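Reader: I'd like a close look at one part of this protein. Could you walk me through the sheet in the second domain and whatever packs on it, and then say how that part sits with the rest?

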Amino acid sequence: MKDFFEQNAQEALRCLEALCAIPSPSHAEEVRARWCAQTLRQYGARQVSIDGAGSVVCADWARERNNVLVMAHLDTVFDSGTDLTLRKDGGIWRCTGIGDDTVNVVAVLLLIKAMLEKGARPERGVLFALNTGEEGLGNLKGCRQLMRDWAGRVGEVISFDLYRDEVYTDCIGSKRYRISASCEGGHSFHDFGRPNAIAALCGILTELYEYRPEPGTDTTYNVGTMRGGSSVNVIARDAQCLWEFRSRDGGALAAADAHLQAVLDRRRREGVTLRCEVVGERPCRGEVDAARMQSLAADCEEAIFEETGVRAKRAAASTDCNVPLSLGIPAVCCGLVRGGGAHTLGEWIDVDTLMDGCRAAENLLKRRLKSI
Ligand SMILES: [Zn+2]
């Protein structure tokens with residue numbers, strides 16, 4: 001006899017195809033959110049809503065306390081002009097955003113459908129969310145809102161994201177800045193000698209790239225974008241860049257921030273205005289109960305292994321789990337399918353691994369809810 005997921009394989013692929021075709025950059029996830037909410041209502045879910053941050057919430061099995069929050073994010077790193085053509089090469093499907101995180105959104109939809117059709121009555125409460133703002137400058141908006149709205153009612157968090165070969169049990173915090181320089185400008189020849197905003201910003205970046213972070217803290221930095229100036233014979237009046245520090249350690253992140261401020265102070269001079277604005281902040285891990293964390297992580301690894309045969313490796317990443325972990329709530333992030341190329345135009349997944357991935361998600365949920 002075919003199991004639920006085998007019977008729903010076509011439905012899963014239909015959802016995947018439909019969602020891949022809807023652009024969903026951070027801060028513009030409305031269309032995807034509406035599509036998912038409508039699909040859940042068609043499946044028979046009764047307590048589906050869209051919260052203040054635009055995330056879809058399904059509370060059919062939510063309880064007063066100790067809920068497991070199960071989530072996957074709606075947004076992608078690609079802006080709305082990106083080519084969303086889905087290319088099928090046998091079981092390998094290629095499309096921007098397909099593995100990060102569209103396919104995991106589909107798995108959550110299917111998981112809810114399975115619970116509805118099986119008439120699930122779990123011993124423990126579970127809350128499902130398809131959330132906004134996980135990527136880049138979304139700044140974990142959706143997850144922050146969920147943790148605020150459901151404060152005191154979430155016992156642990158499972159976020160399905162990326163691929164099945166890694167389980168993220170630790171988080172990487174980050175701080176992101178827009179640094180800008182501006183000055184009077186002028187003619188490249190007649191006004192030669194006046195400060196140049198691009199040159200000023202490059203000086204800052206060169207000094208920042210000499211930074212040696214505290215060893216053993218996995219602290220990194222990157223300048224991600226840079227813009228400025230207007231023409232070849234004009235002294236640049238403005239320049240700006242996006243800068244990021246990441247770290248596993250909150251103290252190391254604070255030290256990196258202090259270093260940035262010191263470099264800016266040192267580089268301030270007459271005729272150049274420097275500005276530094278924080279555009280994103282992802283918290284580092286707080287005090288999380290080690291035994292509860294271990295139990296959740298082990299169940300996650302076992303469920304993936306039982307259904308897919310893959311032994312996922314433990315790793316650290318920057319995900320929605322940063323928010324609950326910073327609040328001391330156990331949280332793991334794992335993927336469900338085979339795939340690669342996240343955040344690139346070459347993103348792909350192996351759809352033949354999707355049903356086993358859905359079974360792994362159900363298996364994990366059964367372990368955490370004691371039953372379904
Ligand atoms: Zn993701």
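Author: Here is a walk through that sheet, its helices and then the other domain.

First, a caution: this is a predicted model. The domain assignment splits the chain into domain 1, made of 4-171 + 284-369, and domain 2, covering 173-282. Your sheet is open and has four strands, in the order S11-S13-S9-S14, with antiparallel pairing. S11 and S14 (272-282) are the edge strands, each with a single partner strand, so one side of each has no neighbour in the sheet. If you ignore direction, neighbouring strands here are turned against each other by 15 degrees on average.

Now for the pairings. S9 (residues 173-183) and S13 (residues 238-247) run antiparallel and are joined by 10 bridges. To find your way along that pair, start at Ser174, whose bridge partner in S13 is Arg246. Then go to Arg178, which has Leu242 as its bridge partner in S13. S13 also pairs with S11 (residues 220-228), again antiparallel, through eight bridges. A handy marker there is Gly228, with Ala239 as its bridge partner in S13.

Two helices go with this sheet. H6 (residues 197-208) packs on it and touches S9, S11, S13 and S14, with a direction at about 150 degrees to that of S9. H7 (residues 250-267) lies across S9, S11, S13 and S14 and runs at about 155 degrees to S13.

How does domain 2 sit with the rest? The centres of domain 1 and domain 2, taken over C-alpha atoms, are 35 Å apart. Contact between them involves nine residues of domain 1 and 12 residues of domain 2. On the domain 1 side, the touching residues are five nonpolar, three polar and one charged.

Over in domain 1, there's another open sheet to look at, with four strands in the order S4-S5-S18-S17 and antiparallel pairing. Its edges are S4 (87-89) and S17 (339-340); each has a single partner strand, so one side of each is left without a neighbour in the sheet. Three bridges hold S4 alongside S5 (residues 92-94), the two running antiparallel. In that pair, Arg87 has Arg94 in S5 as its bridge partner. H4 packs on this sheet and touches S5, S17 and S18 (348-350), with its direction at about 45 degrees to that of S18.

H4 (residues 98-117) also packs with H3 (residues 30-43), at an angle of about 20 degrees and with the axes 10 Å apart. That angle makes H3 roughly parallel to H4. The crossing is right-handed. From H3, the residues involved are Cys36, Thr39, Leu40 and Tyr43, and they meet Val105, Leu109, Ile112, Lys113 and Leu116 in H4. By class, that contact has seven nonpolar, one polar and one charged residues.

For another helix pair, look at H8 (residues 290-308) and H10 (residues 354-369), whose axes come within 8 Å and cross at roughly 140 degrees. H8 and H10 are therefore oblique to each other, and H8 passes H10 in a right-handed crossing. H8 brings residues including Asp299, Glu306 and Glu307, while those from H10 include Arg359, Arg367 and Arg368. This contact divides into five nonpolar, three polar and seven charged residues.

Technical notes. Residues are numbered from 1 along each chain as its sequence is written. This is a predicted model: local features need pLDDT of at least 70, side-chain atom pairs count only at pLDDT 80 or more; totals for chains, interfaces and linings use all residues. Axes are lines fitted to C-alpha atoms, for helices over the stretch in contact, and angles run from 0 to 180 degrees between N-to-C directions. Angles under 35 degrees count as roughly parallel, over 145 as roughly antiparallel, 65 to 115 as roughly perpendicular and the rest as oblique. A crossing is left-handed if the near helix is turned anticlockwise from the far one by less than a right angle, and right-handed if clockwise. Two residues are in contact if their C-beta atoms, placed from the backbone, lie within 7 Å. Ala, Val, Leu, Ile, Met, Phe, Trp, Tyr, Cys and Pro count as nonpolar, Asp, Glu, Lys and Arg as charged, and the others, Gly among them, as polar. Domain bounds come from an automatic or database domain assignment. Two strands pair if DSSP finds at least two bridges between them.
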